[in-house]
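Trainee: Could you take me through the side-chain pairings in this one, charged partners and aromatic rings alike? I'd like a close look at who pairs with whom.

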Amino acid sequence: MPNRKLIYGPLLFFFAVSVILGTAVFFSRSQDMKVVFFDVGQGDAILISQGSNQLLVDSGKSGQILLEKLGKYIPFWDRKIEAVLMTHPDQDHIGGFAEVFKSYDVGMVIRTNAENDSQTFKALEEYIVKEGSSVVEGKIGTKIIFPNGSEMEIVYPFSSILGNSKDTNDSSIVSILEFGETKFLLMGDLTSEKEEEILRKTIDVSADILKVGHHGSKYSTSEKFLEKVSPRNAVISAGRNNSYGHPALEILERMKKSGVEIFRTDEIGDISYGCDDQRNDCQLSVR
């Protein structure tokens, strides 16, 4: 009996290691993509992953909440996030990034030159320098290419943002992610005024899934813009019973009138899309 115990111990350990290594190989070869809109309360955080490669768009305002979310969707042995994208430097979009830099190796930071005077922003700047992440300016034409050939392209801002802007929402990065036949349009907190500028540039903003601007604020997602996007789904990231009244009733009515199916993190939690390489499209799976 003692000998049997001595044998079983190493065998069980070897089996556990084999499972871990086998799963790691599976992740590295997988061509499927997942796009998850995290429920982080009043804020934005979106994880786009393909195999063992991750792009994190914004972080919400709580590092603790964000790390819990990342732990559910990133294998525990994967301690690197290939890139993070900061749409604009507001607390509810960058507040959780400090904990990300503490817990993961961050390869690249994509951001504009927009700044603010908050301690959160200043501390984040220090973490980026300490980490030694490469920094890429996010503006029109910047592309992120995934191993499976999927692309995310930034379509706004049109030029460099100059330092400390009065309204950081107006400097939000807007991007389009394409996987096969499915397009995601991610609006940050962009206002209707800037939506109009995008339309004047005749940029094709048509998309299947719209991440609604500014948590469903009445100052975003104009009727004209919504008509041009013509999404089948709209994702709204907002906190339960938030003090801002997001999402605005008029925005919800506008989308319902247009036949758009609405999904809200404050009502259903994380909103996940699984993108299948064989089907060449993305399907909704609410968690």
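Mentor: Let's settle the terms before we dig in: helices (H or I, at least four residues) and strands (E, at least two) are DSSP runs, numbered from the N terminus. On that footing, this protein has nine helices and 15 strands. Keep in mind that you're looking at a predicted model. Of its 287 residues, 51% are buried. Take the contacts between residues at least 6 apart in sequence: 66% of them join residues at least 24 apart. As for the outside, about 13800 Å² is exposed, with carbon and sulfur atoms supplying 51% of that.

Now to the charged pairs. Side chains of opposite charge can pair when their charged atoms come close. Here the count is 15 salt bridges. A good one to start with is R240 and D39, where the closest N and O atoms sit 3.0 Å apart. R240 is in the loop between β12 (233–236) and α8 (249–257), and D39 is in the loop between β1 (33–37) and β2 (46–50), so this bridge ties together parts that are 201 residues apart in sequence. D39 has a relative accessible area of 12%, and because the cut-off for buried is under 20%, D39 counts as buried.

Next, find R111 and E125, whose side chains meet in a salt bridge at 2.3 Å, N to O. R111 belongs to strand β5 (residues 105–111) while E125 belongs to helix α5 (residues 119–131), so the pair ties together parts that are 14 residues apart in sequence. The two partners don't share a burial class: R111 is buried, at a relative accessible area of 12%, whereas E125 is partly exposed, at 27%.

Then there's D281 with R279, another salt bridge, with the closest N and O atoms 3.2 Å apart. D281 counts as buried at 19% relative accessibility, while R279, at 44%, counts as partly exposed. Elsewhere, R264, D266 and E267 are joined into one network by salt bridges that share partners.

On to the rings. A pair of aromatic rings is described by the distance of the centres and the angle of the planes. The count is five aromatic pairs. Look at F76 and W77: their ring centres are 5.3 Å apart and their planes are at 80 degrees, so the pair is edge-to-face. F76 is exposed, with a relative accessible area of 59%, and W77 counts as partly exposed at 32%. Y156 and F158 also form an edge-to-face pair, at 5.0 Å centre to centre with 85 degrees between the planes. Y156 is buried, with a relative accessible area of 5%, but F158 counts as partly exposed at 22%. Ring pairs also link F37, F184 and Y273 into a cluster.

Last, check where charges sit over rings. K201 lies over the face of F158, at 5.0 Å from the ring centre. F158 therefore has a ring partner in Y156 as well as a charge over its face, and it's partly exposed, at 22% relative accessibility. R79 does the equivalent over Y104, lying over the ring's face at 4.3 Å from the centre.

Technical notes
Residues numbered from 1 in each chain as written. Predicted model: local features only at pLDDT ≥ 70, side-chain atom pairs only at ≥ 80, totals over all residues. Heavy atoms only, no water. Salt bridge = Lys/Arg side-chain N within 4 Å of Asp/Glu carboxyl O. Buried < 20%, exposed > 50% of the residue type's maximum accessible area, 1.4 Å probe, protein only. Phe/Tyr/Trp six-rings, centres within 6.5 Å; stacked < 30°, edge-to-face > 60°. Lys NZ or Arg CZ within 6 Å of the ring centre and 35° of its normal. Contact = heavy atoms within 4.5 Å. Areas by Shrake-Rupley, 256 points an atom, 1.4 Å probe, with all protein chains shown as cover.
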